[in-house]
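Hi everyone, thanks for making time this morning. I'd like to walk you through a structure that may be new to you, so please have a look at it with me.

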Amino acid sequence: MAVGPLVRPDFLPDDHLVKRLHPAWLVAAVAFVALVGAAGFRATPGVMLHPLHEEFGWSLGTISLAVSINLLLFGLTAPFAAALMERFGIRRVVAYALLLVSAGSGLTVFMRHSWELIALWGVLVGLGTGSMALAFVATVTGRWFVKRRGLVTGVLTAGGAAGQLVFLPVLAVLVEDHGWRTAALTVAGAALLVVPLVLWRLRDHPAELGVTAYGASSSDPAPPAPAVGAARRALGALRSASRTPAFWLLAGGFAICGATTNGLIGTHFIPAAHDHGMAEPTAASLLALVGLFDIAGTIASGWLTDRMDSRVLLGWYYALRGLSLLVLPALFAATVRPSMLVFILFYGLDWVATVPPTVALCREYFGTSGPVVFGWVFASHQFGAAIAATSTGLLRDRLGNYDLAWYIAGGLSISAAALSLLLLRTRRSAATPTPVPVPA
């Protein structure tokens, strides 16, 4: 059986190290490393809640507020970052974002007051990580891939999410053996080390290297920088997209997605397990397993997105997640039981499997403005995560346990499945994608 080459016959790269590989794959690899480098700080709240509470006496509600601001800015920055990438380039925006993450993480070692936690964890790191959120993934895949776009979206999404969770055991051990400050400095260093690689190898568009996007059948020159500013571009896309039912259905479902992942499990799973007598490194290892299974689940979701209706996929993902969360309260114990491992496997496969079909639907409904519109949909994801992080911390302070939070999250996930299936009614209007107009 004949196998086609990975590289266009007329492709002549400027570096002999990558002669046999289309540069789109190298760009995707660098983006993957950058996402993992920034993911370390996303893992820190879960392992630092109790150490910060014990050292400074801050309530879990106060610490969760800083996490919520981080999650909220992480989302709200995304559409503006996507517009900035259109105007100033991917490489420049990502490099500055990594520097912000590194500075925000490193400066936490000097904080003494809760407002400093909010300023560093919440504002500085929220802006940095938000500039490398999933809108970054949508921008890279939209520019560099025609074929395998869903699969690459799944791989990059898995890199960011899994990197966040795989960091957890390392950070938990560092916190336990050397203190939370060592963990914070380790994350700062990891983000900083990625900056030279981004400046060296990340490229803004295939035309910079004289090639087309992977799988493209015709020339695709680099688009000119938008005539409008990034803020106007982002807000114009939101104004146009918000007039369609599809946008609100996607945003509503993704808000629930954020509430039931980053806001709830990502922030409060370790403290909840600790409440039942489980050691924090053990609980962190369970979340790391979620990250490992997430890699398989998200890549598989990307593969399915290239072949199935994304609306149906989202319905299944949200419904299965809801059922798993409804049984979670009965699975906590001081030791890891087989039933908990089954939950970890099942939940891990579903962790961010929702991203590839959501990105695909934004591109389907909103055309070339899909990455910017997805940035706003992702902002709703983080808005849901922020509400869940704070409200769950307040519930824990008030009730002394997390049980009600898990039940609410399960019900909300099933509601998100219904919202996704309602998108089937709008499928015909999406048959011919139309770019979202932006004011000149």
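How many helices and how many strands does the protein chain have? There are 15 helices and zero strands. Before we go on, please keep in mind that this is a predicted model.

Let me begin with the whole chain. It has 440 residues, and 57% of them count as buried. The accessible surface comes to about 17,500 Å², with 67% of that belonging to carbon and sulfur atoms. Now think about contacts between residues with a separation of 6 or more: 85% of them are accounted for by residues 24 or more positions apart.

Leu60 gives us a nice example of two distant positions meeting. Leu60 sits in helix 2, which covers residues 60-88. Asp397 is 337 residues away from Leu60 in sequence, yet in space the two are 7.1 Å apart, C-alpha to C-alpha. Leaving out residues up to four places away in sequence, Leu60 touches Leu49, His53, Arg396, Asp397 and Tyr402. Is Leu60 buried or exposed? Its relative accessible area is 9%, and buried means under 20%, so Leu60 is buried.

Next along the chain, please find helix 3, residues 90-107. This helix has 18 residues and reaches 26 Å from its first C-alpha to its last, close to the 26 Å expected at 1.5 Å a residue. Its buried residues include Ile90, Val93, Val94, Ala97, Leu98 and Val101. Here is a handy reminder about helices in general: with 3.6 residues a turn in an α-helix, residues three or four places apart point the same way. The buried list for helix 3 goes on with Ser102, Gly104, Ser105 and Gly106 among them.

Now a quick stop at a loop. Arg148 is found between helix 5, residues 134-144, and helix 6, residues 149-178. Its phi is near 60 degrees, which is a positive value in a residue other than glycine. Arg148 counts as partly exposed, at 44% relative accessibility.

Let's turn to the charged pairs. In general, side chains of opposite charge can pair when their charged atoms come close. How many salt bridges does the count come to? The count is five, and I'd like to show you some of them.

Start with Arg311. Asp309 forms a salt bridge with Arg311, and the closest N and O atoms are 2.9 Å apart. Glu364 also meets Arg311 in a salt bridge, at 3.1 Å, N to O. Glu364 lies in helix 13 (residues 355-366) and Arg311 in helix 11, so this pair ties together parts that are 53 residues apart in sequence. The two partners differ in their cover: Arg311 is buried, with a relative accessible area of 4%, while Glu364 is partly exposed, at 24%.

Another salt bridge joins Asp350 and Arg321, with the closest N and O atoms 2.9 Å apart. Asp350 belongs to helix 12 (residues 338-350) and Arg321 to helix 11, so the pair ties together parts 29 residues apart in sequence. Here both partners are buried: Asp350 has a relative accessible area of 6%, and Arg321 is at 1%. Coming back to the earlier bridges, shared partners join Asp309, Arg311 and Glu364 into one network.

Now for the aromatic rings. The structure holds 15 aromatic pairs. One of them is formed by Phe254 and Phe374, a tilted pair with 5.9 Å centre to centre and 55 degrees between the planes. Phe254 is in helix 9 (residues 245-275) and Phe374 in helix 14 (residues 370-399), so the pair links distant parts of the chain, 120 residues apart. Both Phe254 and Phe374 are buried. Elsewhere, Phe269, Phe332, Tyr402 and Trp406 form one aromatic cluster. You have met Tyr402 already, as one of the residues that Leu60 touches.

Last stop, the surface. A nonpolar patch of about 1,100 Å² is made by residues including Trp316, Leu320, Phe346, Tyr407 and Ile414. Which elements give two or more residues to this patch? They are helix 11 (310-327) and helix 15 (403-422). Tyr407, for one, has its place in helix 15 and counts as partly exposed, at 43% relative accessibility.

That's my tour, and I'm happy to take questions.

Methods
Residues numbered from 1 in each chain as written. Predicted model: local features only at pLDDT ≥ 70, side-chain atom pairs only at ≥ 80, totals over all residues. Heavy atoms only, no water. Helix = DSSP H or I, 4+ residues; strand = E, 2+ residues; numbered from the N terminus. Buried < 20%, exposed > 50% of the residue type's maximum accessible area, 1.4 Å probe, protein only. Contact = heavy atoms within 4.5 Å. Expected span 1.5 Å × (residues − 1). Patch = residues over 30% accessible without salt bridge, like charges linked within 9 Å, V, L, I, M, F, W, Y side chains within 5 Å. Areas by Shrake-Rupley, 256 points an atom, 1.4 Å probe, with all protein chains shown as cover. Salt bridge = Lys/Arg side-chain N within 4 Å of Asp/Glu carboxyl O. Phe/Tyr/Trp six-rings, centres within 6.5 Å; stacked < 30°, edge-to-face > 60°.
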